[in-house]
Amino acid sequence: MHGYADNKEALLKRLRRAEGQVAGIARMVENDDYCIDILTQVSAATKALEAVALSLLGDHLSHCVAEATAQGGPVAAEKIREANAAIARLVRS
């Protein structure tokens with residue numbers, strides 16, 4: 001079972017909302033809307049996806065990494081390395 005299983009419906013709701021925002025942004029570009037208005041919507045969609053990412057990361061740390069840490073050894077080391085890499089990707093984006 002994945003760490004986000006208990007949050008799955010909330011994550012899907014957020015993702016659908018972000019999907020709608022992105023579709024709205026495409027319509028704005030098609031309609032030649034004002035650049036700043038489009039950028040505002042891009043920022044909102046980005047924040048929505050960041051919220052999903054942070055939720056998934058929190059679930060991963062509290063479930064997958066916590067379980068691996070309890071096991072110890074190479075499994076724990078790999079999960080921690082994986083989590084560090086995911087955090088680094090989020091920080092860079």
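A disulfide, as I will use the word today, is a pair of cysteine sulfur atoms within 2.5 Å, and a search of the whole structure with that rule finds zero of them. Before I go further, please keep in mind that this is a predicted model, in which local features need pLDDT of at least 70 and side-chain atom pairs count only at pLDDT 80 or more, while totals for chains, interfaces and linings use all residues. Residues are numbered from 1 along each chain as its sequence is written, and side-chain values use heavy atoms, with hydrogens and water left out.

Let me stay with the cysteines for a moment, and bring in the words for burial: buried means under 20% relative accessible area, exposed means over 50%, and partly exposed is what lies in between, with a 1.4 Å probe and protein chains only. Cys35 has a relative accessibility of 55%, so it counts as exposed, whereas Cys64 has a relative accessible area of 18% and is therefore buried.

Now to the helices, which are DSSP runs of H or I with at least four residues, numbered from the N terminus, as strands are runs of E with at least two. Helix α1 covers residues 8-30, helix α2 covers residues 35-71, and helix α3 covers residues 73-92.

How do residues of α1 and α2 approach one another? Ala18 lies in helix α1, and it counts as buried because its relative accessibility is 3%. If we set aside residues up to four places away in sequence, Ala18 touches Ala48 and Leu49, where contact means heavy atoms within 4.5 Å. The C-alpha atoms of Ala18 and Ala44 are separated by 8.5 Å, although these two residues are 26 apart along the chain.

Further along, Ser55 sits in helix α2, and with a relative accessible area of 19% it is buried. Apart from residues up to four places away in sequence, Ser55 touches Asn7, Leu11 and Arg14, and from C-alpha to C-alpha it is 8.0 Å from Leu11, a residue 44 positions away in sequence.

Asp59 is also placed in helix α2, and its surroundings deserve a careful look. Which residues does Asp59 contact, leaving aside its neighbours within four places in sequence? They are Gly3, Tyr4, Asn7 and Cys64. Asp59 is buried yet has no salt bridge, and the nearest side chain of opposite charge, that of Arg14, is 8.8 Å away. For that statement, Lys and Arg count as positive and Asp and Glu as negative, while His and the chain ends are not counted.

That brings me to the salt bridges themselves, each being a side-chain nitrogen of Lys or Arg within 4 Å of a carboxyl oxygen of Asp or Glu. How many are there by this rule? The count comes to three.

One of them joins Lys47 and Glu50, whose closest N and O atoms are 3.5 Å apart. These two are three residues apart in helix α2, which means that about one helical turn separates them. Lys47 is exposed, with a relative accessible area of 52%, whereas Glu50, at 32% relative accessibility, counts as partly exposed.

Another links the side chains of Glu78 and Arg81, at 2.6 Å from N to O, and here too the partners are three residues apart, in helix α3, and so about one helical turn from each other. Glu78 is partly exposed at 37% relative accessible area, and Arg81 counts as partly exposed at 46%.

The side chains of Glu82 and Lys79 also meet in a salt bridge, at 3.6 Å from N to O, and both residues lie in helix α3, three residues apart, or about one turn of the helix. Glu82, with 30% relative accessible area, is partly exposed, and Lys79, at 27%, counts as partly exposed as well.

Let me finish with the stretch around the start of helix α2. Asp32 is found in the loop between α1 and α2, and it counts as exposed because its relative accessibility is 67%. Most residues other than glycine have a negative phi. Phi of Asp32, however, is near 55°, a positive value in a residue other than glycine.

Tyr34, Ile36 and Leu39 form a nonpolar patch on the surface, with about 340 Å² of accessible area together. Patches are made of residues with over 30% relative accessible area and no salt bridge, with like charges joined within 9 Å and nonpolar side chains (Val, Leu, Ile, Met, Phe, Trp, Tyr) within 5 Å, and the areas come from the Shrake-Rupley method with a 1.4 Å probe, where for residues only the protein chains shown count as cover. Leu39, which is placed in helix α2, counts as exposed at 53% relative accessibility.
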